[in-house]
Amino acid sequence: MNERITHDGIRLSRRRFLQVLAGGAGVLMVGIRTARAVDAPLPPALLGDNFYDLGAYVRIDGDGNVLIGARDPDTGTGVATSLPRIIADELDADWTRVSVVPLGLGVSDNNGQPRWDYGRQIGGTGGSIPAAWNDLRQMGALARWLLLQAAARQLGVQADRLRCDSGTVIAPDGRRLGYGSLAESAGKIALPNNPPPLKAPDRYRLIGQPAGDVDARGIVTGQTPFAIDHFYGDALVAVLVHCPWPDGTLANLDATDAMAVKGVLKVLQLKPEPGQPLGHTVIAPAVAVLAEDTWSALQGRQKLKLEWKPGASGSESSAALEQQADALLNGKTEPTSRVRNDGDFDAAGRKAARRVQATYYQPWLAHATAEPMNCLVRLDKDHASVVVPTQAPQKAWAVVQRLTGLGPAQIEIKVPRVGGGYGRRLDHDYVAEAVMLAKAVDKPVRLLWTHGQDLEHDYYGCGSVHQLSAVMDRKRQLTGWNQRMASASALARRGVPDNRLWTSELDADQLPAALVPNYRSDWYALNTAIPRGPMRGMPHLGNAFAVQSFIDEIAQSMKEDPLDTQLRLLGPSRQLPLSAGGVLDTGRLIKVLKLVADRIEWKNWLHSVNGLGIACWHLNGAYVAHAIEVAMQGERLIIQRVVCAVDVGRVINPQGLEGQVAGATLDALSNALNLAITFKDGQIQQHHPKDYPLATMAQLPDAVEVIVVPNDDLPPAGASFLAMPTAAPALANAVFRATAVRVRRLPLMKELLRLL
Amino acid sequence: MALAQDLVTPAAPGNGIVPEKVRDGIDLEINGEHYRHTGDPQMPLLWYLRDVLRLTGTKYARETGADLVLLNGKAVSAIAQPMVKLAGKSVITVEGLAANDGGLHPVQQAFIDEDAIGCGYCTPGWLIAAVDLLKRKPRPTDDDLDQLPNLCRCGCQTRVRRAIKRVAAGKVGPA
């Protein structure tokens, strides 16, 4: 998943003002506003006590309790914990006295245009921590500076002679003032002209220390509400049946039996609005049943008699699309985009002593979130209240605004904890559905999808075919690399120009780019009506599976230890420039690779009866490697050990990072072992969660051994999907050692059992 | 019976006791409280909990096991239980695991200690399944843990495994 996809239309000004919002008596509040050049510092404003309306990041009460707002939706990535801890550390707050609240969308009216009060608000794309590192530290630093100035006045000591520790200002003579006693006077201090200095890293108390999820107690007691757990007393429950074809139409509807169900009040039709990009309107034509409660609505839904008519896509199939990809990659057609072309691959090929070629297949994937699509909407004449599980509340706002015509600040979007996102909730078709229905019935609506619908009507991660060729000279050095890839872009029908459609499909800098002198990467566009969108780990899943399996195959062709082949390819420790900016630090990649190799006892690679596999990757300035050990017991694949090493630069919360790395590893293994979406006659063939079987406890390893490379000199990179790409190739490489079967097509279990 | 009923329905005794006929309905106990369901007897327990009682800890997501509750002490899917089958039975949901004084169940504390939480949506189901397993097998093996019916896309399984083993080893609570 990729920031480039998720940012469309939401460009934030870099110019921001820090803001102090004097609250009720004895309260200090510090916030942030994006600002235009003409903005003067805003006057103190009185804000309500409703947590969801919290207009500031930091609020210190007279009794010393600190409330910190969590800006980005937490879909299980831990940002509701890590982002507030960044603020709290700069503030020198006592973490045991900090409460965290989800902020919801921060939007105000800037002459009819939205102004995003909290800056960037996107979760689950790997960008939360890097963005917070840039701007949220200043929130804590400003609040701390104000408290120090207030303490200086009260104590008659210069501010730079005071220090802060765990919610207390301490004078050189030992006098102490709690933050609570300073909150009111700090709220009256004039703002500094320049942002106050940030802490020296050696003074961090929370950053770099392990912390459990701030919502843990609420979650284990069933008290933390998700969007699906919100109600309005008079809201109607809406459930839908979608057309099996995104471009199909409703041919016949008989709602008599549905309307006869006690509690069912209305049956309505929904249609995608023509001209709207994917994710901004209804995903497919639908019929909605509105009822007093969920059970009545679901019963009514079952009693609908519907006939749908396919559209132009009614004959499409994933099998035919794959054949089309194979034909393109084996043919002589020019690529849709030449993504990278270093040196001259053809010339290198003519001089080569050895050539290896293989083709790899990544299936289509669904998001399969635990919390299904849902949305609670209340529309009043001059106000909309929306409670929604979203990863991008600003995009949800845009859909509500377009459909209601309300002003920027008349739309309130609450984002409670989100039951999984993985990219699905960067699109807001379900918000459009709920708003359309609320408008139609003139009542609040609580929209709910079933998990089967989530599978059948998704913006899928697109399947892809990767044809890789490598050539080597007589010294067995890789001199040329050619990647030819075909897929249906996740950016198609989203307002992205044709010559940029490849950007969601592969990374111009992905391994082994910059390491092989003659490197060519071509992308071929496929087309299908099946909607695509951002998917956790993509496009790296398919690409890393292909590239890292292929390096293993190259090693095999040269009868070499694949770790040696990897290390020879990486060469000496050095920094190589990347086309997207930044560098590839081969030293960091070598380090994670060697760490996992040592931990799994790679020296046993040749003689172990179990299979050992290894893989590495880099993305967004972070580095990852997996080593996996497997054994076969008959037709059962046992994943004995999984080791994962990551280097993300500075670590904010090591416990959270370990959870993300272990979680992403298991998610990627579940994908790789079992999962594929297919379509035939234009219809998705997986109708029920049973048809898309997430891995069970028995299939998954008992533990994931996570190694974090300390690297505090570099700013933190995002980690929410960092550990996904290398899991599948390390697994496939291990399976090859255990079985001598090379799996080039995922999902692995089906292919392995076919080939065994 | 009707005759007997008539005979025992005299005038109010005058001490505030109002005679009342037994109404139709399904009596059951949920988290120690008594409830009577008078709606559709086929309504699944899940929607009774969520829509009627607003006990929303039990989640809608049968395949992941997020809708598990303890029915007379045994983990069952709440969406698979029509209310009509629950007369006289006792249900414990995730909200009912903690003691009345707010003290957490050891399994809840172990999940906190091990941070065995992804997005948290399926967590209530894991807790219920773990309580059920530990009651049957106080020292579960890895193979026993492999039999848990729950699924988690966030990948919390390795941390759940640690949490349940922590309870079994009697090591619950911050060190």
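How many helices and strands are there in chain B? Select chain B and count six helices and five strands; both are DSSP runs numbered from the N terminus, helices being H or I over at least four residues and strands E over at least two.

Before going on, some housekeeping. This is a predicted model, in which local features need pLDDT of at least 70 and side-chain atom pairs count only at pLDDT 80 or more, while totals for chains, interfaces and linings use all residues. Residues are numbered from 1 along each chain as its sequence is written, with chains lettered from A and ligands numbered from 1 in the order in which they are written.

**Stop 1: chain B**

Trace chain B along the sequence and you pass α-β-β-α-β-β-β-α-α-α-α. Of its 175 residues, 52% are buried (20 or more other C-beta atoms within 10 Å of a residue's own; 12 or fewer is exposed, in between is partly exposed, and C-beta atoms are placed from the backbone). Now look at contacts, meaning residue pairs whose C-beta atoms, placed from the backbone, lie within 7 Å. Among those in chain B with a separation of 6 or more, 66% link residues 24 or more positions apart.

Next, select 106-113 and 123-136 of chain B, which are α3(B) and α4(B). Their axes come within 10 Å and cross at roughly 125° (axes are lines fitted to C-alpha atoms, for helices over the stretch in contact, and angles run from 0 to 180 degrees between N-to-C directions). The pair is therefore oblique; under 35 degrees would be roughly parallel, over 145 roughly antiparallel, 65 to 115 roughly perpendicular, and the rest is oblique. The crossing is right-handed, which is to say that the near helix is turned clockwise from the far one by less than a right angle, with anticlockwise being left-handed. Show V107(B), Q108(B) and F111(B) on α3(B), then T123(B), L127(B), A130(B), V131(B) and L134(B) on α4(B), to see who makes the contact. That gives six nonpolar, two polar and no charged residues (nonpolar: Ala, Val, Leu, Ile, Met, Phe, Trp, Tyr, Cys and Pro; charged: Asp, Glu, Lys and Arg; polar: the others, Gly among them).

**Stop 2: where the chains meet**

Bring chain A back. Here 47 residues of chain A are in contact with 43 residues of chain B. On the chain A side, α5 (216-220), α7 (294-302) and α16 (654-674) each supply at least two residues. Color α16(A) separately: its eight residues are the largest share of that side. By class, the side of chain A that touches chain B has 22 nonpolar, 15 polar and ten charged residues.

**Stop 3: a helix pair in chain A**

Select 562-570 and 586-599 of chain A for α14(A) and α15(A), which pack at about 170° with axes 10 Å apart. That angle makes α14(A) roughly antiparallel to α15(A). This crossing is left-handed. On α14(A), the contact uses L563(A), Q566(A), L567(A) and L570(A); on α15(A), T586(A), L589(A), I590(A), L593(A) and A597(A).

**Stop 4: the seven-stranded sheet**

Seven strands of chain A form an open sheet with mixed pairing, in the order β13-β14-β11-β21-β18-β19-β20; strands pair if DSSP finds at least two bridges between them. The edges are β13 (264-270) and β20 (411-414) of chain A, each with a single partner strand, so one side of each has no neighbour in the sheet. The twist averages 20° from one strand to the next.

Zoom to 374-380 and 383-387, where β18(A) and β19(A) pair in the antiparallel sense over five bridges. L379(A) has A384(A) as its bridge partner. Then add α10 (393-404) of chain A, which lies across β18, β19 and β20 and runs at about 145° to β20(A).

**Stop 5: the five-stranded sheet**

The order in this open, mixed sheet of chain A is β16-β24-β23-β22-β17. Neighbouring strands are turned by 10° against each other on average, direction ignored. Pick 478-487 and 518-525: β23(A) and β24(A) pair in the parallel sense over eight bridges. A486(A) stands opposite Y524(A) there. Helix α8 (318-330) of chain A packs on the sheet, touching β22, β23 and β24, and its direction makes about 25° with that of β22(A).

**Last stop: β5(A)**

Which residues of β5(A) point to one face and are buried? Show side chains for 98-102 of chain A: V98(A), V100(A) and P102(A) do, while S99(A) and V101(A) point to the other face and are not buried. β4 (66-70) of chain A runs parallel to β5(A), joined by five bridges, with A70(A) partnering P102(A).

Key
Contact = placed C-beta atoms within 7 Å.
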